[in-house]
Amino acid sequence: MGTIGKGYLKAIDVIGKFCEILCAVLAMLMTVLVTLQVILRALNMPLFGIEELLTFPTIWIYFLGGACASFTDAHIECGLVGAVSKNPKAVAAAKNFANICASVLSVYVLKWAGEYAQYSLKLGKISAILHIPMPLGECIIFIGLVLMALFTVTRTIQNLIHLKSVFTEGGAV
C-alpha cells in the first residue's frame, strides 16, 4: 500500500491489536465477576453492585468489539455480488461501494456521538450504587465510533488502491 504511509498503517495495526487485547481482558473480567456473583449467591452472600459494575465493561466490549470488527474486516456482510458474479472488477467495485458507504456513515455519526460525549461530561452523572462516573460508560460510544471510522476509512483507502490495480492490471480480487 504505497500511497498509505507505512507508519500510519503500523499505528493503525497497533491500535487495532490494543483494542483486541482490551476486549479479551474485559471479557475475562466480566466472566470472573459473573462467576464470583454466582458463587456468592449460592453461598447466600451476594456481593452488592456487581450488576451495576458489569454494565461498564459490557458497553466497552460492545463498542470496542465493533471497532475490532472494523479493524479485522470481520463484520457481517452479504456479499451477493461475489456469489452472483465471478467478474473480479464487479466484485471489487461492489466491495468499494460498500466500503465508501460505511466510511461516510461512520464519519457522519461521529457528530452525534461527540455531542453525546460532551453532554455526558458536562452533566457529570454517577451510577446509583457504586457512584462510578457515568462518562466512563458513555464516552466509550464516541471512542468506539472514532476507532470504527478510522479503521473503516483506512480499509476503504486500501480497497480503493486494490480496485485501481484490478482495473489497470486485471488483478484478482
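Select Glu138 to begin, a residue found in helix α6, where helices (H or I, at least four residues) and strands (E, at least two) are DSSP runs numbered from the N terminus. Glu138 is buried, with a relative accessible area of 9%; buried means under 20% relative accessible area, exposed over 50%, and partly exposed in between, with a 1.4 Å probe and protein chains only. Show next its contacts, that is, heavy atoms within 4.5 Å: leaving aside neighbours within four places in sequence, Glu138 touches Tyr116, Ser120 and Lys125. For a long view, draw the C-alpha to C-alpha line from Glu138 to Gly82, which spans 38 Å for 56 residues of sequence.

Before going on, note that this is a predicted model, in which local features need pLDDT of at least 70 and side-chain atom pairs count only at pLDDT 80 or more, while totals for chains, interfaces and linings use all residues. Residues are numbered from 1 along each chain as its sequence is written, and side-chain values use heavy atoms, with hydrogens and water left out.

**Along helix α6**

Move to Ile141, which also lies in helix α6 and, at 22% relative accessibility, counts as partly exposed. Beyond its neighbours within four places in sequence, Ile141 is in contact with Phe63, Ala113 and Tyr116. A C-alpha distance of 8.7 Å separates Ile141 from Gly114, with the two positions 27 residues apart along the chain.

Then select Thr154, again in helix α6, which is buried with a relative accessible area of 2%. Its contacts, when neighbours within four places in sequence are set aside, are Ile4, Tyr8, Leu9 and Ile12. The C-alpha atoms of Thr154 and Ser103 are separated by 8.9 Å, although these residues are 51 apart along the chain.

**The nonpolar core and its rings**

Which residues have the most contacts inside the largest nonpolar core? Colour Cys19, Leu64, Ala67, Leu145, Leu147, Met148 and Phe151, which hold that place in a core of 16 residues; such a core is a set of buried Ala, Val, Leu, Ile, Met, Phe, Trp, Tyr and Cys residues joined through side-chain atoms within 4.5 Å. Two or more residues come from each of α1 (6-42), α2 (50-72), α5 (110-123) and α6 (135-169), and α6 gives the most, with 6 residues.

Stay on Phe151, whose contacts outside its neighbours within four places in sequence are Ile12, Ile15, Gly16, Ala67, Ser70 and Phe71. Now display the aromatic side chains, among which the structure holds 4 aromatic pairs; rings of Phe, Tyr and Trp (its six-membered ring) pair if their centres lie within 6.5 Å, and planes under 30 degrees apart count as stacked, over 60 as edge-to-face and the rest as tilted. One of these pairs is Tyr62 and Phe63, with ring centres 5.0 Å apart and planes at 80°, so the pair is edge-to-face. Tyr62 is exposed, at a relative accessible area of 59%, whereas Phe63 counts as buried at 15%. Another pair is Phe71 and Phe151, whose ring centres are 5.2 Å apart with planes at 55°, so this pair is tilted. The pair links distant parts of the chain, with Phe71 in helix α2 and Phe151 in helix α6, 80 residues apart; Phe71 and Phe151 are both buried.

**Two loop residues**

Most residues other than glycine have a negative phi. Select Asn44 in the loop between α1 and α2, which has a positive phi of about 60° although it is not a glycine. Asn44 is exposed, with a relative accessible area of 68%. His131, in the loop between α5 and α6, likewise has a positive phi of about 60° without being a glycine.

**The largest pocket**

Finish at the largest pocket, which holds about 380 Å³ of space. On a 1 Å grid over the protein atoms alone, a pocket is an open set of points where a 1.4 Å probe fits, with protein on both sides within 12 Å along at least five of seven lines, and lining residues have an atom within 4 Å of a point; the volume is the space filled by probe spheres set on the points, which are joined across faces, edges and corners. Centre the view on Glu77, Gly79, Ala94, Lys95 and Ala98, the closest to the pocket's centre of the 15 residues that line it. The elements giving two or more residues to this lining are α3 (80-84) and α4 (88-108), and α4 gives the most, with 6 residues.
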